[in-house]
Amino acid sequence: FTGGSTPTVNGTTPDGWTVDGVTLSGDTAENTLTFTVSFPATEGGKAELAPGWDIPEHPLAITKYPNTNWIGAAGTLTITLTGSEYGDIRWTVNGSPVTADADTGGAAYTFKGDGRSPGTYTVGVRAKTTDGPWYEDWVPVKVIGANLDIEGAYTGSISAVVEGGLLKSISTTGSTILIGRKATETVTLNLDRDGKLLFRDKDGDSIPIGSYGEFQLINTGTPPSVSIVDARKGTYKQEADLDLLGICDPETGNWSGQEWTPIVTGYNARFTGIFDGNGKAISNLYINTTDGNSGEGLFGAIGGESTVKNVRIASGFITGDNNVGSVVGYNNGTITACSNAADVFGTDNNVGGVVGYNNGTITTCSNSGSVSGSGAVGGMAGRNWYGT
């Protein structure tokens, strides 16, 4: 028997498959029939996946949908085939047919994140060349998401930046707010009707601090509801691990990224409240300034009535002039149960792992970071002046 034949896979004929020139021979039905299958292109004995992909770098912006705690991707990602002379191009997302971009002759597909749940989607394509062979390939497209619980009067849109599993910031119609939290965690924020960040209500005796932006409100207050003076004498408690968004180059060890503004620094300025770090980690603390001896650290200077406790600095790099420490630059208060693993460098005097200049009390603290300076350098405190 010689003639045409119809190929099937699991009983179904794949679109575009043909078999030509089949010859069956033999005198019984028991004979073994051998097929030779030739792929359109092979490399090393394996079918070559083609055509290739041209996927540009493109951060997906994500937008919060009203009345939910979910942020879904609202950006787009255009995926374009390399090569040419394809007579028939068919795109799919997770196996379902989709429509290619009309103005590209089918050679590009724009994946739209709007309305999709976070997760990984598979965009596939089958393309037939003008001389007949079919090619296919797939690429994963990840829709990133984060969780927000918004308190307050704001009802507008929110876009966010998520990189490497970290929710770095959000933008409202009124401001950009640094976050520094794992994208898998729910971040609670209090936004006014204009989208500006406010302190949240107290949880027990303390105002919760769960983001970079909330931490910095201690410096600025939220006038007129909370003045700068009142903010700097409040009682606060860190509720989650925070990434302060400094970036260390793993090859050179050089630091860059977001520079931290110490909490209350400057001549004759002090934090006079209570801050409980709650044992939560603070990572990637980056300070790079030499603006005098006003105090450089997570807190620039704290007064005699203040307490800073249970702060755990997991990583970072702090550079200053005088009175430089990871937790507090200039201490007149009480520092208890704090630890530091960041590196501390001072161009002048009073440089310490935990405290630069101590005129208060330090108890049960530890340092494992490197410390260097020109004079009055110590693992715990650079200079202890009438302190304990």
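Here are some exercises with worked solutions on the sheets and aromatic pairs of this predicted model.

**Exercise 1. Which strands form the sheet that holds β37, and in what order?**

Let's start with the order. The sheet is open and has 4 strands, arranged as β28-β32-β37-β42 with parallel pairing. Next, look at its edges: β28 (299-302) and β42 (381-384) each have a pairing partner on one side only. On average, neighbouring strands here are turned by 5° against each other, direction ignored.

Now zoom in on one pair of strands. β37, residues 355-358, pairs with β42 in the parallel sense over 3 bridges. At the residue level, Tyr357 has Arg383 in β42 as its bridge partner.

**Exercise 2. Which strands are the edge strands of the open sheet β27-β31-β35-β40?**

First, note the layout: this sheet also consists of 4 strands with parallel pairing. The strands that pair on one side only are β27 (285-288) and β40 (371-372), and these are the edges. Then follow β40 inwards: 2 bridges join it to β35 (residues 343-346), and the two run parallel. Within this pairing, Val344 stands opposite Val371 in β40.

**Exercise 3. Is the ring pair of Phe199 and Tyr236 stacked, tilted or edge-to-face?**

A good first step is to recall that a pair of aromatic rings is described by the distance of the centres and the angle of the planes. The count of aromatic pairs comes to 13. For Phe199 and Tyr236, the centres are 5.6 Å apart and the planes meet at 35°, so the pair is tilted. Stacked would need planes under 30 degrees apart, and edge-to-face over 60.

Where do the two rings sit? Phe199 is in the loop between β19 (197-198) and β20 (207-209), while Tyr236 is in strand β21 (residues 235-238), so the pair ties together parts 37 residues apart in sequence. Both Phe199 and Tyr236 are buried.

**Exercise 4. Which parts does the aromatic pair of Phe215 and Phe275 tie together?**

Begin with the geometry: the rings of Phe215 and Phe275 are stacked, at 4.9 Å centre to centre with 20° between the planes. Then place each residue. Phe215 belongs to helix α1 (residues 212-220) and Phe275 to strand β25 (residues 274-276), so their pair links parts that are 60 residues apart in sequence.

Next, check burial. Phe215 counts as buried because its relative accessibility is 0%. Phe275 is buried too, with a relative accessible area of 0%.

Finally, put the pairs in context: one aromatic cluster contains Phe199, Tyr212, Phe215, Tyr236, Trp260, Phe271, Phe275 and Phe299.

How values were computed: Residues are numbered from 1 along each chain as its sequence is written. This is a predicted model: local features need pLDDT of at least 70, side-chain atom pairs count only at pLDDT 80 or more; totals for chains, interfaces and linings use all residues. Side-chain values use heavy atoms; hydrogens and water are left out. Two strands pair if DSSP finds at least two bridges between them. Axes are lines fitted to C-alpha atoms, for helices over the stretch in contact, and angles run from 0 to 180 degrees between N-to-C directions. Rings of Phe, Tyr and Trp (its six-membered ring) pair if their centres lie within 6.5 Å; planes under 30 degrees apart count as stacked, over 60 as edge-to-face and the rest as tilted. Buried means under 20% relative accessible area, exposed over 50%, partly exposed in between (1.4 Å probe, protein chains only).
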